[in-house]
Amino acid sequence: MNDPRLAELSRALPDLKLTTDSGDLEHYGRDWTRRWHPAPLAIAFPATVDEVQAIVLWAFAEGVAVVPSGGRTGLSGGAVAANGEIVVSLDRMNRVLAFDPIDRTLTVQPGMPLEAVHKAAREHGLIYPVDFAARGSCQVGGNIATNAGGIRVIRYGNTRQWIAGLKVVTGTGELLDLNRGLIKNASGYDLRHLVIGSEGTLGIVVEATLSLTSPPPPSQVMLLAVPAMDALMRVFAEARHRLTLGAFEFFTDRALHHVLAHGAQRPFGEISPYYVVTEFDAQDEAQQAAALELFEFCLGEGWVTDGAISSSEAQAAALWRLREGITESLAQYRPYKNDVSVRISSVPDFMRDMQALLDAEYPQFDVVWFGHIGDGNLHINVLKPADVDDDRFVAQCEHVTKLLCDTLTRHGGSISAEHGIGLVKKPYLGSVRSEAEIALMRGIKAVWDPAGIMNPGKLL
Ligand code: 2HG
Ligand code: ZN
């Protein structure tokens, strides 16, 4: 540790695992975005809340910026450390601390991978219902910091709904114990909800009490080929009316093209501009029949042109793979990612407007649309053409994002639905939040983090 500040930290916390190894700086200094070159000062791996507090107190005294770090699966640069920060990795704080069968809560450390949380809940006959494709790598602390959404929001809501209590170390090293698992608590501002979605700019989550729920009944998965977005919205309304939905997702034929090229199996011969993957309760024959009736009805109306229903878990997984494999299948094209939301009812008009702008200005771009249509959340990935260099591609994509912001403003939408603002979308925050709102956010940050050391440069 040549840096005297790090030598001081090591002296104060002799048991703290601390590294300045160049491979570690590279690995822990970046997330799934690839635009920034990692350049942190060091990586700390605290094992206790006391150690996290001591690190923040040291950073406060030394004026060193702190980047809280989970699974680094973020797509907005929220966990990037490119400016001599100390990265506080929560990897070692990855245990279940308590389960309470009466409260139906699981108290966990923030570095637990989401999949491990799922497993721990299932061991008690319950579920933690927040779920998405990065479940194996992402960590629950990071999910809280971004208020992660995913594929089951239509039924269970975002991460926010499942956080009954939070322990947080603020930018002054203060330890807050927020809400303590209470269901009702009308004692003023709910600070827990300020922390959820704050992207590490107010403090570090060091413990979370998660609400659990009963597992849903057995389900089936249906894939539908849909000729137009207006038809897709009708299918959605009808499906919500007739079935109990667990998920309602969509992707375009371009997305299917990439996922098939990446090894997935074509589910049926029909080629269609849009596809829906929906999961619904299928506990008994009546519920299974309702799904078939829905399909027949939609076929009769001309809203769908083909479909497949799973009759085994393996088939359900194969249909899900068509949706969940999209991100991985696009990775080789170094896509520029957008993650937007509009009201569900505005989706077709918004898509029409945006696609028209893209067709007029960037007809050469392969633009892949997919996402959580049942909650108005669309992912728009622009793939990098092989013959365009990185800087030019980013400049063009930034212009696409401006077009997107204008279109979102017209439709009352948001530039980030679930991935967060981070570094990537920071220049566009002002298009979806008013000046007064941003001034309040800055004021809140100044109170929680007066030295401005908590994940500086992200979000605000
Ligand atoms: C998903 O819904 C994730 O699959 C990733 O939010 C979206 O890769 C993306 O753009
Ligand atoms: Zn998503």
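The following paragraphs describe the metal site, the ligand surroundings and two sheets of a predicted model.

A convenient place to start is the metal. In this predicted model, the zinc ion (ligand 2) is held by three side chains, with H372 and H379 each contributing NE2 and E418 contributing OE, at 1.9 to 2.1 Å. Read along the chain, these donors follow the spacing H-x6-H-x38-E. H379 belongs to strand β16 (residues 377-383), whereas E418 sits in the loop between α14 (390-411) and α15 (429-432), so this pair ties together parts that are 39 residues apart in sequence. Both H379 and E418 are buried.

The zinc donors reappear in the surroundings of ligand 1. The residues around ligand 1 are L75, R323, T327, K337, F370, H372, H379, N381, E418 and H419, and H372, H379 and E418 in this list are also the residues that coordinate the zinc ion (ligand 2). Several polar approaches can be described for ligand 1. An oxygen atom of ligand 1 lies 2.7 Å from an N or O atom in the side chain of K337. For the side chain of H419, the distance from an N or O atom to an oxygen atom of ligand 1 is 2.8 Å. In the case of E418, an oxygen atom of ligand 1 is 3.1 Å from a side-chain N or O atom. E418 is thus a residue with two roles to note here, as a donor to the zinc ion (ligand 2) and as a neighbour of ligand 1.

Two of the residues around ligand 1, K337 and N381, also face each other across a strand pair, with K337 standing opposite N381 in β16. The strands concerned are β14 and β16, which pair in the antiparallel sense over 6 bridges. Strand β14 (residues 336-341) has 6 of its 6 residues buried, so β14 is largely enclosed by the rest of the structure. Its two faces are both covered: Y336, N338 and V340 are buried on one side, and K337, D339 and S341 are buried on the other. The lysine that approaches ligand 1 therefore comes from a strand that is largely enclosed by the rest of the structure.

Attention now turns to the annotated domain. An unreviewed UniProt entry lists residues 36-215 as "domain: FAD-binding PCMH-type". Within the model, this span is 22% helix and 23% strand, and its end C-alpha atoms lie 41 Å apart.

One of the sheets is an open arrangement of 4 strands in the order β1-β2-β4-β3, with mixed pairing. At its edges stand β1 and β3 (66-69), each of which pairs on one side only. Neighbouring strands in this sheet are turned by 20° against each other on average, direction ignored. Strand β1 (residues 17-19) runs antiparallel to β2 and is joined to it by 3 bridges, with T19 opposite I43 in β2. The pairing of β2 with strand β4 (residues 86-89) also comprises 3 bridges, but here the strands run parallel, and A42 is found opposite I86 in β4. Strand β2 (residues 42-45) is covered on both faces, with A42 and A44 buried on one side and I43 and F45 buried on the other.

A second open sheet contains 5 strands in the order β5-β6-β9-β7-β8, with antiparallel pairing. Here β5 (96-100) and β8 (175-178) form the edges; each has a single partner strand, so one side of each is left without a neighbour in the sheet. The twist averages 15° from one strand to the next. Within this sheet, 4 bridges link strand β6 (residues 105-108) to strand β9 (residues 203-211) in an antiparallel pair, where V108 stands opposite A208 in β9.

Finally, two loop residues deserve a short look for their backbone geometry. N147, in the loop between α5 (140-146) and α6 (153-156), has a positive phi of about 50° although it is not a glycine. R180, in the loop between β8 and α7 (191-195), is likewise a residue other than glycine with a positive phi, near 50°. Their surroundings can be set side by side: N147 counts as buried, at 14% relative accessibility, while R180 counts as exposed, at 55% relative accessibility.

Definitions and conventions. Residues are numbered from 1 along each chain as its sequence is written. Chains are lettered from A and ligands numbered from 1 in the order in which they are written. This is a predicted model: local features need pLDDT of at least 70, side-chain atom pairs count only at pLDDT 80 or more; totals for chains, interfaces and linings use all residues. Side-chain values use heavy atoms; hydrogens and water are left out. UniProt positions are given in the numbering used here, feature names are shortened, and annotations may be inferred rather than shown by experiment. Donors are N, O and S atoms within 2.8 Å of the metal (3.2 Å for Na, K and Ca); water is not among the atoms, so sites may look incomplete. Buried means under 20% relative accessible area, exposed over 50%, partly exposed in between (1.4 Å probe, protein chains only). Two strands pair if DSSP finds at least two bridges between them. Axes are lines fitted to C-alpha atoms, for helices over the stretch in contact, and angles run from 0 to 180 degrees between N-to-C directions. A residue is near a molecule or strand if one of its heavy atoms lies within 4 Å of it. A polar contact is a pair of N or O atoms within 3.5 Å; within protein, one must be able to donate a hydrogen and the other to accept it, and residues adjacent in sequence count only if both atoms are side-chain atoms.
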